[in-house]
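Work through the exercises below with the sequence and the model open. Each task is followed by a solution in steps.

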Amino acid sequence: DIEDADIHGICGNDSTLYFLAEEQLIYLDLITNELKRPGIEAIAIYSGTDKFYYSYENQLFTFKNQTGLSESVFNLADGTTIVTILTVTNDEIWLGTTKGLFKLRTVSDSTFDAEQIIQNESVNCLFRDSRNHIWASCRSQRAYIVSPEEQTQLLTYENGGIFNGEIFCFTESPSTGTIWMGTMAGIYTISMNDQRVNPVPLLSTSMIDALYTDQQGTIWIGSYYGAVRYFNPQTDNYNFWKTDEELYDKIHGVVLGSMAEDKSGNLYIATEGSGINIVNEKTETVRHLKAISDQLPNDKIRALWFDNNYNRLYISAYMEGICFLDINSGKIQPIRSDTLDSRLNKIIEKIIPYQDDLILLTQDGIYKMDRKTLEISSLFQKPELRKICSGFIRTIHIDDRNVLWVSTLRDGLFTIDLTERKFLRSYAVGAETQGQLPSAIVAICGDSKQGLFFATSKSGL
C-alpha cells in the first residue's frame, strides 16, 4: 500500500531503516525484515548515533522502536514548521525551519537551549562537511555556511547569492576538497577552501534530488526523471518536431508534458527542466519561455491551462504553486496564496476548469481558484470532504454530470457530487479499502454517453 507513495527522508543504522511514505513514518527491521508502521505523522526524520528524532509542525520528538513510544523534547513558536533535522552529537542538534536555522544544545536529559543562527529564511536542507561547517539551503534559492565558531556566511554567486533554482541536497568530495550542491537546475561545485562557486552547473537541465558519496569516493546522483521517453517514428503518420537543447528554434526538453493552445493557435508544451516550448504549426516556428529569460518560477513545469476569457496561460511550476502568462503583455504574473503553504500542496499536478473556478489537484489535496479574483481556497468546506480529499491523490476527473471522480492512495476511487457537495459512493482499491476494481486508478477520461475509461497501475484499461 506504499508502492506509489512519495518515499523520502531515508535514514537509519545497522539494525533499522527509517523512511517517510507521504507523512507516515515507516521503519524496516533489518534483522527480521519486518516492515512496521507505528502510526506517527512526521515532516522530517533523522537517525542519530543512538537516538531517532522526528518533527511534526513546530515540535521535535524522539522515538524508540523497541517500545513504540515517542516523546516531545522541544517546541518552537507556533507557526514555525521544522523541515529538516541534523544532529552533530546528542548534545548538539540543528533544525532547519520555515522561520530560519536553529541550534539546540542539551541542558539536561530533556531540556534544550535554543539559539537562532539564521533569520527570515525558510531552510529546507542541512549538511555537515568534514571540517564541521554546516551548509544550509533555503527556499529563497540561497545557501549559507556556518563555521564551527558559528560565523555565518552567504554563499556568493553571480546573482547576489541567488542560484538558478531551489537547492535540495549537498555532498562532499574529500579527494578534491569540493562540495557538490544539487539544485532544480543541475549541480554546482564549490571549493571548500575559499567557497568559490563554479558558475557552470553540471547536468543543468536535470533536477537533482539526492547526492551521496560512497566509501570509495564515488558520487551518486539522483535526478527527478531518469528515463527518456521514446516512440517509433516509422510506424505512424505524423509531423516530427525534433528536440535539440542547443538550438533555439527546436523544441527543448527530454520529458514533455501538459499542453495548451491559445486563441492564435500557438501550442504551449510543458517540460521537466526546459521551461515551456511555444510551437506554431502554421509558421513552423518554435519559441521558448524560460526561468532565466522570462521569469518563470523554474523550468520544471507540471501543468498548463489556457483561459480564453482572460487571455491567460496558467502555469504550474514544481513546488512553486501557480502563476500565469498574460498574453497581452507577454509577462509572467505570480499568484500569491497563503492557502498553498506546504511543500506538497505547492506541487500542482492538474489544472481543470469548472464553472468560474479552476480546480487545482496538488500532491496534498484539492483546491480551487477563482478565475476573476485569483483567490485560492480549499475545494470543500465540509470537514469530512476535505479529509477524504487530503493526502496523495493519483488523479481526478469531472464528468458531464458535475460528478468529481477522485482516486487517492489511501481510500481508492470514490465520487463526490459537486452540485450538492456530498459524497456519493466508493468503488475501489486504496491502502485502507478494498473495492470493485483490481488495482489503483491512475488516469480517467470519458463522458456519460461513451462511458468512463480508467487506466490502472497493474490491470490495464
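**Exercise 1: Aromatic pairs**

The whole structure, which is a predicted model, contains 14 aromatic pairs according to a search.

Task: Classify the ring pair of phenylalanine 74 and phenylalanine 112 as stacked, tilted or edge-to-face.

Solution.
- A pair of aromatic rings is described by the distance of the centres and the angle of the planes.
- The ring centres of phenylalanine 74 and phenylalanine 112 are 6.4 Å apart, and the planes meet at 85 degrees.
- Planes over 60 degrees apart count as edge-to-face, so phenylalanine 74 and phenylalanine 112 make an edge-to-face pair.
- Phenylalanine 74 lies in strand S8 (residues 69–75) and phenylalanine 112 in strand S12 (residues 111–119); with the two positions 38 residues apart, the pair links distant parts of the chain.
- Both phenylalanine 74 and phenylalanine 112 are buried.
- Elsewhere, ring pairs join Tyr18, Tyr27, Phe52 and Phe63 into a cluster.

**Exercise 2: Strand S6 and its partners**

Task: Find which strands pair with S6, and decide whether S6 is enclosed or open to the outside.

Solution.
- On one side of the pairing list, strand S5 (residues 44–47) is antiparallel to S6, with 4 bridges. Tyrosine 46 has tyrosine 53 of S6 as its bridge partner.
- S5 and S6 form a hairpin, and 4 residues separate them.
- Strand S7 (residues 59–64) also runs antiparallel to S6 and is joined to S6 by 4 bridges. Here tyrosine 53 has threonine 62 as its bridge partner.
- S6 and S7 form a hairpin with 2 residues between them, and glutamate 57 in the turn has a positive phi of about 55 degrees.
- Strand S6 covers residues 52–56, and 4 of its 5 residues are buried, so S6 is largely enclosed by the rest of the structure.

**Exercise 3: Cysteines without a bond**

Task: Explain why cysteine 11 forms no disulfide.

Solution.
- The search of the whole structure returns 0 disulfides.
- The closest cysteine sulfur to that of cysteine 11 belongs to cysteine 125 and is 13 Å away, which is too far for a bond.
- A disulfide requires sulfur atoms within 2.5 Å.
- Cysteine 138 is likewise in no disulfide; its nearest cysteine sulfur, that of cysteine 125, is 10 Å away.
- Cysteine 11 counts as buried because its relative accessibility is 17%, and cysteine 138 counts as buried at 0%.

**Exercise 4: Positive phi in loops**

Task: For glutamine 355 and leucine 374, state whether each is buried or exposed.

Solution.
- Most residues other than glycine have a negative phi.
- Glutamine 355 has a positive phi, near 55 degrees, and sits in the loop between strand S30 (348–354) and strand S31 (357–362).
- Leucine 374 has a positive phi of about 65 degrees, and its place is the loop between strand S32 (365–370) and strand S33 (376–378).
- Exposed means over 50% relative accessible area and buried means under 20%. Glutamine 355, at 59%, is therefore exposed, and leucine 374, at 18%, is buried.

**Exercise 5: The second largest pocket**

Task: Describe the lining of the second largest pocket.

Solution.
- The volume of the second largest pocket is about 1,200 Å³.
- It is lined by 41 residues, and those closest to its centre are Gln141, Ala291, Leu296, Pro297 and Asn298.
- Helix H1 (291–294), strand S28 (322–326) and strand S29 (331–334) each give two or more residues to the lining. H1 gives the largest share, 3 residues.
- By type, the lining residues are 18 nonpolar, 13 polar and 10 charged.

Conventions
Residues numbered from 1 in each chain as written. Predicted model: local features only at pLDDT ≥ 70, side-chain atom pairs only at ≥ 80, totals over all residues. Heavy atoms only, no water. Buried < 20%, exposed > 50% of the residue type's maximum accessible area, 1.4 Å probe, protein only. Pairing = 2+ DSSP bridges. 1 Å grid on protein atoms, 1.4 Å probe; cavity = no way out; pocket = protein on both sides within 12 Å on 5 of 7 lines; lining within 4 Å. Points joined across faces, edges and corners; volume = space filled by probe spheres on them. Nonpolar A, V, L, I, M, F, W, Y, C, P; charged D, E, K, R; others polar. Phe/Tyr/Trp six-rings, centres within 6.5 Å; stacked < 30°, edge-to-face > 60°.
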